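Here's a quick tour of one predicted model. Have the structure open while you read.

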Amino acid sequence: MSLGPVMIDVIGTELTKEDIQRLQHPLVGGVILFSRNYQSPSQLQQLTQQIRAVRTPPLLIAVDHEGGRVQRFREGFTAIPAMREFGKIWDVHPKKAKHLAHLAGWILAAELRAHGVDFSFAPVLDMDYGDSLVIGNRAFHLNPVAIHDLAFALMQGLKQGGMQAVGKHFPGHGFVRADSHVDIPIDERAFDEIAQHDMQPFRNMIDDGLAAMMPAHVIYPKVDSKPAGFSRLWLQKVLRERLGFDGVIFSDDLSMEGASVAGDVTARALAALEAGCDMVLLCNRPDLADELLAQLEWKSSAVSMARLVRMHGAPQPPSMVKLHEDAEFVSALKQVGLVGKQELDLFAQED
């Protein structure tokens, strides 16, 4: 059975009969995990093994594990700093900041892969304008050069750990104050202003081989009346054609308020898929998941399915025991653990 175009979540720390029934539906292609699905490292490994056993080829397993306040697994995992911390270091010591971002990406990916998670929805490529309620310190910086430097370094670290990167939230969520989880953000800027500023990190990361992208639930009315994730103009004309992106496009969560303009859950999924998304996410609403799986009619293209398969993590990742026997990895843990806990001039003195 091929991977379907829908990613859903599961109820708790082990699969229920209802979970298994949903995951076996041919429209399902992935599972996103949350804090409620985590109790301990051993439990997480058992859960991901259960999920992989449901289907062949195995479903994709993802998580929002960016660092800072967005890190679903904590006890037993390394605390990854908020990305803004690397931006602060970049201001005084760009070389050191890039090195630390690379190490953070490696740690993040290696620990998740050791527990059977294929990828994290990271990094955030949004610009830190200082006003966004939802982005905040999840962003690296306001300077597009700094964002690219640090995001590229993090992506290289993710690859070292056996994981692909997912850039978000195209074409940029940082300018608007509203939180798309609970509101419908509107960015009144013209296309040229967005293209010259917010889109630059996305453009540069595409040129560097970024594997996947997540568009914003933001409306840019001077470009299109639809949120970016439901817009053929943004996803096909701009992202695919103008920027040459050929990776996976994941929708943001269809249960968010920012998605409500597209109608009921089936209409939202169809709008996102028809606009160009390869996979749509539906989180925290098992009732809506059942509704969507019962009503959605969609046949993914061969190209789309091939893109999704490439999101599986690298095979045979080292275990946590092996990682902690690796002197280089232990050194990385110590260095990343100091981020945000030392004066920046200390980093500036180091070469």
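## A word on pairing

Two strands count as paired here if DSSP finds at least two bridges between them. With that in hand, we can look at the strands around S2.

## S2 and its neighbours

Strand S2 covers residues 28–33, and 6 of its 6 residues are buried. On one pairing, strand S1 (residues 6–8) runs parallel to S2, with 3 bridges between them. Val 6 has Val 28 of S2 as its bridge partner.

S2 also pairs with strand S3 (residues 60–63), again in the parallel sense, this time over 4 bridges. In that pairing, Ile 32 sits opposite Ala 62 of S3.

## Crossovers

How do the helices fit in? Helix H1 (residues 17–23) joins S1 and S2 in a right-handed β-α-β unit. Helix H2 then takes part in another β-α-β unit with S2 and S3, and this one is right-handed too.

## The second largest pocket

H2, which spans residues 41–54, turns up again at the second largest pocket, where the helix supplies the largest share of the lining with 4 residues. The volume of this pocket is about 190 Å³. Its lining is made of 18 residues, and those closest to the centre are Arg 52, Arg 113, His 115, Gly 116 and Pro 317.

What does the lining of the second largest pocket look like by class? Polar residues number 9, alongside 6 nonpolar and 3 charged ones.

How values were computed: Residues are numbered from 1 along each chain as its sequence is written. This is a predicted model: local features need pLDDT of at least 70, side-chain atom pairs count only at pLDDT 80 or more; totals for chains, interfaces and linings use all residues. Side-chain values use heavy atoms; hydrogens and water are left out. On a 1 Å grid over the protein atoms alone, a cavity is a set of points where a 1.4 Å probe fits but cannot get out, and a pocket is an open set with protein on both sides within 12 Å along at least five of seven lines; lining residues have an atom within 4 Å of a point. Grid points are joined across faces, edges and corners, and a volume is the space filled by probe spheres set on the points. Helices (H or I, at least four residues) and strands (E, at least two) are DSSP runs, numbered from the N terminus. Ala, Val, Leu, Ile, Met, Phe, Trp, Tyr, Cys and Pro count as nonpolar, Asp, Glu, Lys and Arg as charged, and the others, Gly among them, as polar. Buried means under 20% relative accessible area, exposed over 50%, partly exposed in between (1.4 Å probe, protein chains only). A crossover is right-handed if, with the strands pointing away from the viewer, the path from the first strand over the helix to the second runs clockwise.
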